[in-house]
Amino acid sequence: LGSPGESMAVDELTRASGLTRDQVEELIAQKVLDPFGLPDGRQVFRDEDLAIARAAYRLYSRGFEGRHIRSLRLAADREVDLLAQLVTPLLRHRNPKNRRRAAEVLADGANAGNQLQENLVRARLRKLLEG
C-alpha cells in the first residue's frame, strides 16, 4: 500500500517474469495486469506488476490459462471491495489522520485476508490429498 516503485516497459517485464508478450497481453485483457499510461502514450509496469507477472508465469507453467488466472483476479477484486467498505467512512473526510487510519485498516485487513486465504486453501488441499 506504499509508493508505486520503479516502472518498466513491457519488454523488461517479459524478460524479468518469463512471460511471453502474448501472455502479458492476455493478462492485460483479463485485467490481471494494469499498466500505467505515460503522457507520451507508452505503458509501463510497476513493481507489483512484476510480482503478479512472476506468479502468473508459475501458473501458466502448471497449465493454467488466462481465464483461470482471471478467476483469481476476480477473487482479489471481491476482497478489495470488502476492505473498501471498511474505510469508505474514513475516506469521506479528507483529513490526513483519517487517511492514515484508512491505510492502516487496509494494510492490516489485506494481511489478515491473505493469511485467511492461504490457510483456507492449504486446509482444503490437504483434504483433497487425504480424500
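The following legends describe close-up views of one predicted protein model.

The model is predicted, and local features are given only at pLDDT of at least 70, side-chain atom pairs only at pLDDT 80 or more, while totals for chains, interfaces and linings use all residues. Residues are numbered from 1 along each chain as its sequence is written, and side-chain values use heavy atoms, with hydrogens and water left out.

**Figure 1. Overview of the protein chain, with its 5 helices and 3 strands.** Helices (H or I, at least four residues) and strands (E, at least two) are DSSP runs, numbered from the N terminus. Along the sequence these elements appear in the pattern β-α-α-β-β-α-α-α. The C-alpha trace spans about 55 × 45 × 20 Å along its principal axes. The chain has 131 residues, of which 23% count as buried; buried means under 20% relative accessible area, exposed over 50%, and partly exposed in between (1.4 Å probe, protein chains only). Contact means heavy atoms within 4.5 Å. Among contacts between residues at least 6 apart in sequence, 55% join residues at least 24 apart.

**Figure 2. The open sheet, with its strands in the order β1-β3-β2.** The 3 strands of this sheet are paired in the antiparallel sense; two strands pair if DSSP finds at least two bridges between them. Strands β1 and β2 (36-37) stand at the edges with a single partner strand each, so one side of each has no neighbour in the sheet. Between β1 and β3 there are 2 bridges, and Ser7 has Arg46 of β3 as its bridge partner. The pairing of β2 and β3 also rests on 2 bridges. Here Phe36 is the bridge partner of Val44 in β3, and Gly37 stands opposite Gln43 in β3. The hairpin of β2 and β3 has 5 residues between the strands, and in this hairpin Gly41 takes a positive phi near 95°.

**Figure 3. Helix α1 and its buried residues Val10, Leu13, Thr14 and Ser17.** Seen down the axis of α1, these buried residues fall within an arc of 100°, so they line one face of the helix. The arc is that of the directions from the helix axis to the C-beta atoms. An α-helix has 3.6 residues a turn, so residues three or four places apart point the same way. The elements that cover the buried residues of α1 include β1, α2, β3 and α3. Just after α1, Gly18 takes a positive phi of about 95°.

**Figure 4. Surroundings of Val10, a residue of helix α1.** Val10 counts as buried because its relative accessibility is 15%. Leaving aside neighbours within four places in sequence, Val10 is in contact with Arg21, Val24 and Phe45. Val10 and Arg42 are 32 residues apart in sequence, and their C-alpha atoms are 9.6 Å apart in space.

**Figure 5. Helix α3, which covers residues 47-61.** This helix has 15 residues and reaches 21 Å from its first C-alpha to its last, close to the 21 Å expected at 1.5 Å a residue. The expected span of a helix is 1.5 Å times one less than its number of residues. The buried residues of α3 are Asp49, Leu50, Ala53, Ala56 and Tyr60. They cover an arc of only 125° around the axis, which puts them on the same side of α3. These buried residues pack against β1 (7-8), α1 (10-17), α2 (21-29), β3 (43-46) and α4 (66-92). Helix α3 lies across β1 and β3, running at about 80° to β3. Axes are lines fitted to C-alpha atoms, for helices over the stretch in contact, and angles run from 0 to 180 degrees between N-to-C directions. Just after α3, Gly63 takes a positive phi of about 105°.

**Figure 6. Surroundings of Arg73, a residue of helix α4.** Arg73 counts as buried because its relative accessibility is 16%. The side chains of Arg73 and Asp77 make a polar contact at 2.4 Å. A polar contact is a pair of N or O atoms within 3.5 Å; within protein, one must be able to donate a hydrogen and the other to accept it, and residues adjacent in sequence count only if both atoms are side-chain atoms. Not counting residues up to four places away in sequence, Arg73 touches Gln30, Lys31 and Val32.
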